[in-house]
Amino acid sequence: MRTPVDAEETCSGACHTEKCANGGRCIDMIRQWECDCSGTGYEGKTCRTESKVVRMKGEGGYISQQLGRGSSLLSTERNTMHFMFLTEAKDGVLFYMGKNKDHLLVELVNGSLRAQANFGGGPVIAQVGKNDLSDSCWHFVEIRRRKRRLTVIIDRGRNGRDSENSSETYSTLNLSDQSNVIYYGGGPREVLHFAQAKQLSFKGFLKQFKFEEFSVIDNALDEKQGFSITDTDLADSLVAAKQRGLPTPRPESVSAWVIVTIVMAAVAVVLLTIFLIYRWNHRYTGSFKPSKNEEGQPQEPGREMEQQNTRVYNQPAFFLYKPPKKISSTTESPPVSI
């Protein structure tokens with residue numbers, strides 16, 4: 001009986017071997033497979049290509065997407081997005097679509113991630129993070145909306161929250177009569193009047209930003225699908241990312257003078273400790289050794305204080321007292337002269 005070559009792979013699943021690198025998740029499609037590279041910082045079929053990184057300086061620049069008149073995003077009951085960010089500030093707008101009543105907003109407020117949606121019947125808010133996202137580390141964010149239910153997940157479930165206002169009947173995000181522009185990493189102040197962030201422009205790094213079927217950074221690089229850039233420095237950063245790819249950024253290092261000051265303070269503490277130990281040892285050396293009498297023999301304990309109140313400091317500490325040897329009675333006494 002012959003066994004087909006691909007029988008083992010078909011029976012055990014297409015993901016029975018390690019196919020996706022760098023933490024990518026293999027999706028079994030029976031006879032086919034594909035890698036989910038979201039949240040890994042890598043892209044490609046097997047998650048081996050490093051994702052492009054763009055730095056936003058928080059000086060008013062942002063990425064915008066102009067939606068066409070017939071775009072399906074102008075009226076939706078569901079939305080999905082995910083992205084990775086490393087922030088250099090506690091406040092900043094990451095995503096906004098809408099203008100007056102209906103809107104969807106994602107922002108950083110005092111180091112926590114806040115998502116807000118309004119469909120005309122009151123806001124639905126989900127906030128997670130509790131001031132711990134501005135820690136100079138990469139974080140992966142997933143946001144899903146299904147009608148009035150808003151779900152926010154940080155770092156694949158490290159913390160997340162659902163929010164829903166079931167008392168309202170409105171559930172469609174309708175932008176047909178408002179604004180057909182989506183903003184990423186900031187936006188005009190007159191548009192972002194629902195934002196609570198103290199600083200509207202995001203300052204930090206972004207990568208793997210995907211909203212619905214749009215890859216934001218890639219489309220902004222190529223200026224297609226209605227994407228455009230409003231800041232020259234941001235445009236230069238995107239062009240540099242397109243040409244050579246930017247390595248994963250690291251938090252800004254501590255300045256050299258701070259390191260020198262810390263080292264000098266540590267050395268001073270060590271030297272002071274050594275000096276105090278030396279002084280202590282020098283002062284109390286010999287405190288436990290009895291002094292000698294006139295004949296050069298050690299005195300018995302307790303006799304020292306009767307004869308002198310001074311201490312001997314020039315001998316090793318913790319002297320072990322040895323009593324004098326007794327003179328034997330058999331020893332001949334010296335002759336006595338009459």
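## Around Tyr-184 and outward

Leaving aside residues up to four places away in sequence, Tyr-184 is in contact with Met-56, Tyr-62, Ile-63, Gln-65, Leu-94, Phe-95, Phe-209, Phe-211, Val-216 and Phe-227. The model in which these contacts appear is a predicted one, and Tyr-184 is a convenient place from which to begin reading it. Tyr-184 has a relative accessible area of 1%, and because buried means under 20%, this residue counts as buried.

The contacts of Tyr-184 lead into the largest nonpolar core, which has 42 residues and in which Phe-95, Leu-113, Tyr-184 and Leu-206 are the members that touch the most others. The element that gives the most to this core is helix H2, spanning residues 216–222, with four residues. Apart from it there is a second, separate core of 10 residues, and Val-93, Tyr-96, Val-181 and Ala-195 are among its members.

For the chain as a whole, the secondary structure amounts to five helices and 20 strands, and 38% of the 338 residues count as buried. Among contacts with a separation of 6 or more, 63% are between residues 24 or more positions apart.

The aromatic residues deserve a separate look. A pair of aromatic rings is described by the distance of the centres and the angle of the planes. The count in this model comes to nine aromatic pairs. In the pair formed by Phe-83 and Phe-85, the ring centres are 6.2 Å apart and the planes stand at 50°, so this pair is tilted; both Phe-83 and Phe-85 are buried. For Tyr-184 and Phe-227 the ring centres lie 5.9 Å apart, and the planes meet at 25°, so this pair is stacked, the cut-off being under 30 degrees. The pair joins distant parts of the chain, since Tyr-184 belongs to strand E17 (residues 181–184) and Phe-227 to strand E20 (residues 227–229), with their positions 43 residues apart. Phe-227, like its partner, is buried, and its relative accessible area is 4%. One aromatic cluster takes in both of these pairs, being formed by Phe-83, Phe-85, Phe-95, Tyr-184, Phe-202, Phe-209, Phe-211, Phe-214 and Phe-227. Within this cluster, Phe-95, Phe-209, Phe-211 and Phe-227 have already appeared among the residues that Tyr-184 touches.

From the packed side chains we turn to open space. The largest pocket holds about 280 Å³ of space and is lined by 14 residues, of which Glu-43, His-82, Gln-208, Lys-210 and Ser-215 lie nearest its centre. At least two lining residues come from each of strand E2 (32–36), strand E3 (42–43), strand E18 (203–211) and helix H2, and the largest share, three residues, is supplied by E18. Helix H2 therefore has a place in both descriptions, as the element that gives the most to the largest core and as one of those that supply the pocket lining. By class, the lining of this pocket comprises five nonpolar, four polar and five charged residues.

The remaining points concern loops, beginning with two residues whose backbone has a positive phi. Lys-147, which lies in the loop between strand E13 (139–146) and strand E14 (149–154), has a phi near 55°, a positive value in a residue other than glycine. With a relative accessibility of 44%, Lys-147 counts as partly exposed. Asp-155, placed in the loop between E14 and strand E15 (159–163), likewise is not a glycine and has a positive phi of about 50°; its relative accessible area is 24%, and it too is partly exposed.

Two further loop residues are of interest for what lies across from them in space. Thr-169 is found in the loop between E15 and strand E16 (173–174) and, at 69% relative accessibility, counts as exposed. Its C-alpha atom is separated by 8.7 Å from that of Arg-148, although the two residues are 21 residues apart along the chain. Ser-176 sits in the loop between E16 and E17, where E17 is the strand that contains Tyr-184. Ser-176 is exposed at 54% relative accessibility, whereas Tyr-184 is buried at 1%. From C-alpha to C-alpha, Ser-176 and Arg-69 are 8.2 Å apart in space, with a sequence separation of 107 residues.

Technical notes: Residues numbered from 1 in each chain as written. Predicted model: local features only at pLDDT ≥ 70, side-chain atom pairs only at ≥ 80, totals over all residues. Heavy atoms only, no water. Core = buried A, V, L, I, M, F, W, Y, C linked by side-chain atoms within 4.5 Å. Buried < 20%, exposed > 50% of the residue type's maximum accessible area, 1.4 Å probe, protein only. Contact = heavy atoms within 4.5 Å. 1 Å grid on protein atoms, 1.4 Å probe; cavity = no way out; pocket = protein on both sides within 12 Å on 5 of 7 lines; lining within 4 Å. Points joined across faces, edges and corners; volume = space filled by probe spheres on them. Nonpolar A, V, L, I, M, F, W, Y, C, P; charged D, E, K, R; others polar. Phe/Tyr/Trp six-rings, centres within 6.5 Å; stacked < 30°, edge-to-face > 60°.
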